[in-house]
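Subject: Structure handover

Hello,

Here is the structure I promised to pass on. Please open it and keep it beside this email while you read.

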Amino acid sequence: MQKVSKNVYVETGFRGCNVGFVVTNDGVVMIDTPHAPEDAAAWREEVSGFGPVRYLINTEPHGDHFTGNCFFSGIIVAHEGTRDAILDISSAPRELVRLPPGCSLPEDFSFRAPDITFTSKVTLYLGDHTFQLINHPGHTPYQVTVYIPEERVAFTSDNIFCRVQPFLRQALPYEWLDSLKALQKLDVDVLVPGHGDVCDKGYIPEMSAIISDWINAVDSAIKNGMSLEKAQDMISFLDRYPMEAGAESMAQEVQRMNVRRLYEVLLDSER
Ligand SMILES: [Zn+2]
């Protein structure tokens, strides 16, 4: 665990997404939960030393950010689209729940869906801290940035993958570029990305470049009349960044998935 500002703690070493929490003078606010049950149990131990969890924010609708919710108390806050995704997977058979390799769900496992939702933005006030939750579409339509002005820190969720392969399965690529511009305007010293190392606003141009390069690669494939399958065979950005630790076996699948998503979105926008 690392301390990234006076009262903000982050763990980037779990399988799945980065998680963090903020210690206020009236309890703890958590941002996302570990994907693997063992990691979630360890994180609960760690967090409990800092006070009761008052709020738990889920920043997006993918399981690596919310599967661990049931290990924690506190009121869950998320975008409406994230609540819908959690309710969907809650009603699916247990075998369909994806976990990091080698993990299994504990017997008493259940999903916890958000108690409070929003669609554009909402502000939480707790003790001496302010939490601005802002919908910044990009990695998914429901992506949420958590900006904590008193700490000069923002959790960007998966709109930033810091020097690891980005996942574009549910991406809105042009909105993603706009959201990165919005992040650039925040008055912060620290950005906590959804995956990869903690960074700052200096990384945003590099993140924008990888998204732009993805868009351009798929766009020129379409303009050259390439089929989706051919584009999936031809386009790969695996030489740019490593996969995040633990996800190496998904490398090819992620490239093909990214091409598929952009191919569909770009083709649609040209119609
Ligand atoms: Zn993620």
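This is a predicted model. Let me start with the sheet that comes early in the chain.

**The seven-stranded sheet**

Seven strands make up an open sheet. Their order is S1-S2-S3-S4-S5-S6-S7, and the pairing is mixed. At the edges are strand S1 (2-5) and strand S7 (116-118), each of which pairs on one side only. From one strand to the next, the twist averages 20°.

Now look at strand S3 (residues 19-24). Five of its six residues are buried, so the strand is mostly covered. S3 has strand S2 (residues 8-11) as a partner: four bridges join the two, and they run antiparallel. Valine 10 has glycine 20 of S3 as its bridge partner. S3 also pairs with strand S4 (residues 27-31), again in the antiparallel sense, over five bridges. Here glycine 20 has isoleucine 31 of S4 as its bridge partner. Glycine 20 therefore appears in both pairings. A hairpin of two residues links S3 to S4.

At the S7 edge, the pairing is parallel: three bridges join strand S6 (residues 75-79) to S7. Valine 77 has isoleucine 116 of S7 as its bridge partner. Helix H3 (residues 80-90) packs on this sheet and touches S6 and S7. The direction of H3 makes about 110° with that of S6.

**The five-stranded sheet**

There is another open sheet, with five strands in the order S8-S9-S10-S11-S12 and mixed pairing. Strand S8 (121-126) and strand S12 (190-196) are at its edges, each with a single partner strand, so one side of each has no neighbour in the sheet. Neighbouring strands here are turned by 25° against each other on average, direction ignored.

Within this sheet, S10 and S11 run antiparallel and are joined by three bridges. Valine 146 stands opposite phenylalanine 155 in S11.

**Helix H4 and what surrounds it**

H4 lies across S10 and S11, and runs at about 150° to S11. Does its length fit its residue count, and what should its twelve residues (173-184) span? At 1.5 Å a residue, the expected span is 16 Å. The end C-alpha atoms of H4 are 17 Å apart, which agrees.

Pro173, Trp176, Ser179, Leu180 and Leu183 of H4 are buried. These residues cover an arc of only 105° around the axis, which puts them on the same side of H4. What covers them includes strand S10 (144-148), strand S11 (153-162), helix H5 (204-223) and helix H7 (251-270).

H4 also packs against H5. The angle is about 170°, and the axes are 10 Å apart. An angle over 145 degrees counts as roughly antiparallel, and H4 and H5 are therefore roughly antiparallel to each other. On the H4 side, the contact is made by Pro173, Trp176, Leu177, Leu180, Leu183 and Gln184. On the H5 side, Ile204, Met207, Ser208, Ile211, Ser212 and Ile215 take part.

Best wishes

Key: Residues are numbered from 1 along each chain as its sequence is written. This is a predicted model: local features need pLDDT of at least 70, side-chain atom pairs count only at pLDDT 80 or more; totals for chains, interfaces and linings use all residues. The expected span of a helix is 1.5 Å times one less than its number of residues. A residue is buried if 20 or more other C-beta atoms lie within 10 Å of its own, exposed if 12 or fewer, and partly exposed in between; C-beta atoms are placed from the backbone. The arc is that of the directions from the helix axis to the C-beta atoms. Two residues are in contact if their C-beta atoms, placed from the backbone, lie within 7 Å. Two strands pair if DSSP finds at least two bridges between them. Axes are lines fitted to C-alpha atoms, for helices over the stretch in contact, and angles run from 0 to 180 degrees between N-to-C directions. Angles under 35 degrees count as roughly parallel, over 145 as roughly antiparallel, 65 to 115 as roughly perpendicular and the rest as oblique.
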